[in-house]
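Student: Please take a close look at a single part of this model with me, and then place that part within its wider setting. I would like the cut-offs stated as you go.

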Amino acid sequence: MIDTRSASGVSATFRLGLAIAVLVACAPALASPLMRTEAEQLASISAPFAVTRAHVTDDIHHYQFDIRVGSTPNARLRIHRVVRELSPWRPRPTTHAVMLLHGDFASFVTNFVPSLGNPASSAPGLAPYLVSRGIDTWGVDRRWTLPGADGDISDLGDMGVNQAIGDTSVALAFARAARTVTDRDPGRIILGGFSHGAQLTYAYAAADGRHISAIAALDIYYDIAPEDADLRELACANAAAERDALAQGVTDSSNSLFITAGQLARSAPDETSPLFPSYTNRGVLLTLSGMTWLLAPYTPLYHLSAPIFDADGNAAGLSESSEDIVSAWFSSAPPHQSMRETVEFDEIWCGSSPRPSLANIRVPLFYLGAAGGFGDHGLYSTRQVSSTDVTTLVVRRFEPARVAEDFGHGDLLYAADAPTLAWKPLATWLLRH
């Protein structure tokens, strides 16, 4: 059940916490930041703002805050909080907090609380897992997740890495201010991310770093190792092609392939695929998820989900994440994605434009990789930071010769054994930092 309210529809204490959070984080976009009294702070909540509350499991609930921060169609921050409650609209105080940034063709919900996705997934979700272990879990969606299939995307071309860094800073300030009221904890928050959300985590920590006490990067590289020169060349070639497309007015890096593949695999798995007629709809899902290197060779045998191969070397099944969960992940993707962000992430890998340096990062770092994803290729980046507190873990099932069928990139979030192999060590590290 989803409880949707304006800020005036919740308790005075909760409203005060939200008002203070908005004032601290978003003052330039709202009423005067010089307000002093509690009454004035409460009154400020009439600014463009909405909050929803949805039950996740047991006493865990998901809050979603939508805050307007500008005049363009998608100038909104969608901030998430997953938390245990003492009672409705009363979060249970904690002493640990993390903010998680989502990856491509996803939002915070579809990556970290997939049971609330559309379609709903049976995956338990990293965010509820962390919350159940005493870690207040936040997130923020990048603006390209907001417009629907027919939504206004006239501002999509402005959605680059710098904007995402700025929005992350605002979301962190919001979370810290809210926690000051609801948890009596004004302390800094750990910033984590999955996939390109982890690349953004590195970029934020290197460029800004305010509000954060540590970072956790889930399966990505930021600096590419010298021995992986071929991967850098691929990033440079992609960046050049994407930059050219952007110059020609292409601002949308559409997620229609993943959405259609997921929907057809769910509705008509055995029918011939209209996307790739030599495959069934199920075969397309298995190939995109289990042999992703054919489309996106971020590493030589990069894949989203660990495949089971048939005698001909085709993906015939998935060994870690269920097909139902993977198809729900694909189907629930936002329709649009920013081409500018895609270009700029590839340019960070290429090194072809100025970028925040990993040497600026001095806070503790945890790298969690998947052997069949970025895996060991992400370790080089962890050696470029200035932090003296670096922990790394690459989840693997097999010896290197079997990397093509090993734990995949998305398996870190969706595999049946992810709670044991990936989430438990991550939670242990978060609780120590």
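Tutor: A residue is called buried when its relative accessible area is under 20%, exposed when that area is over 50%, and partly exposed in between, with a 1.4 Å probe and protein chains only. The model is predicted, so local features need pLDDT of at least 70 and side-chain atom pairs count only at pLDDT 80 or more, while totals for chains, interfaces and linings use all residues. Residues are numbered from 1 along each chain as its sequence is written, and side-chain values use heavy atoms, with hydrogens and water left out.

The part to examine is helix α6, residues 196-207, where helices are DSSP runs of H or I with at least four residues, strands are runs of E with at least two, and both are numbered from the N terminus. Since the expected span is 1.5 Å times one less than the number of residues, the twelve residues of α6 should span 16 Å, and the end C-alpha atoms are indeed 16 Å apart. The buried residues of α6 are H196, G197, A198, Q199, L200, T201, Y202, A203, Y204, A205 and A206; because eleven of its twelve residues are buried, α6 is largely enclosed by the rest of the structure. After α6 comes G209, which has a positive phi near 85°.

Y202 leads from the helix into the largest nonpolar core, a set of buried Ala, Val, Leu, Ile, Met, Phe, Trp, Tyr and Cys residues joined through side-chain atoms within 4.5 Å. This core has 111 residues, and Y202 is among those that touch the most other members, together with I79, M99, F112, L126, L130 and F330. Its largest share, eight residues, comes from helix α5, residues 161-182. With contact taken as heavy atoms within 4.5 Å, and leaving aside residues up to four places away in sequence, L130 touches V98, L100, I135, T137, A427 and L430.

As for open space, the largest pocket has a volume of about 650 Å³; a pocket is an open set of points on a 1 Å grid where a 1.4 Å probe fits, with protein on both sides within 12 Å along at least five of seven lines, and lining residues have an atom within 4 Å of a point. Its lining has 33 residues, of which D104, F258, L295, A296 and Y298 lie nearest the centre, and α11 gives the most to that lining, with five residues.

Note on methods: Grid points are joined across faces, edges and corners, and a volume is the space filled by probe spheres set on the points.
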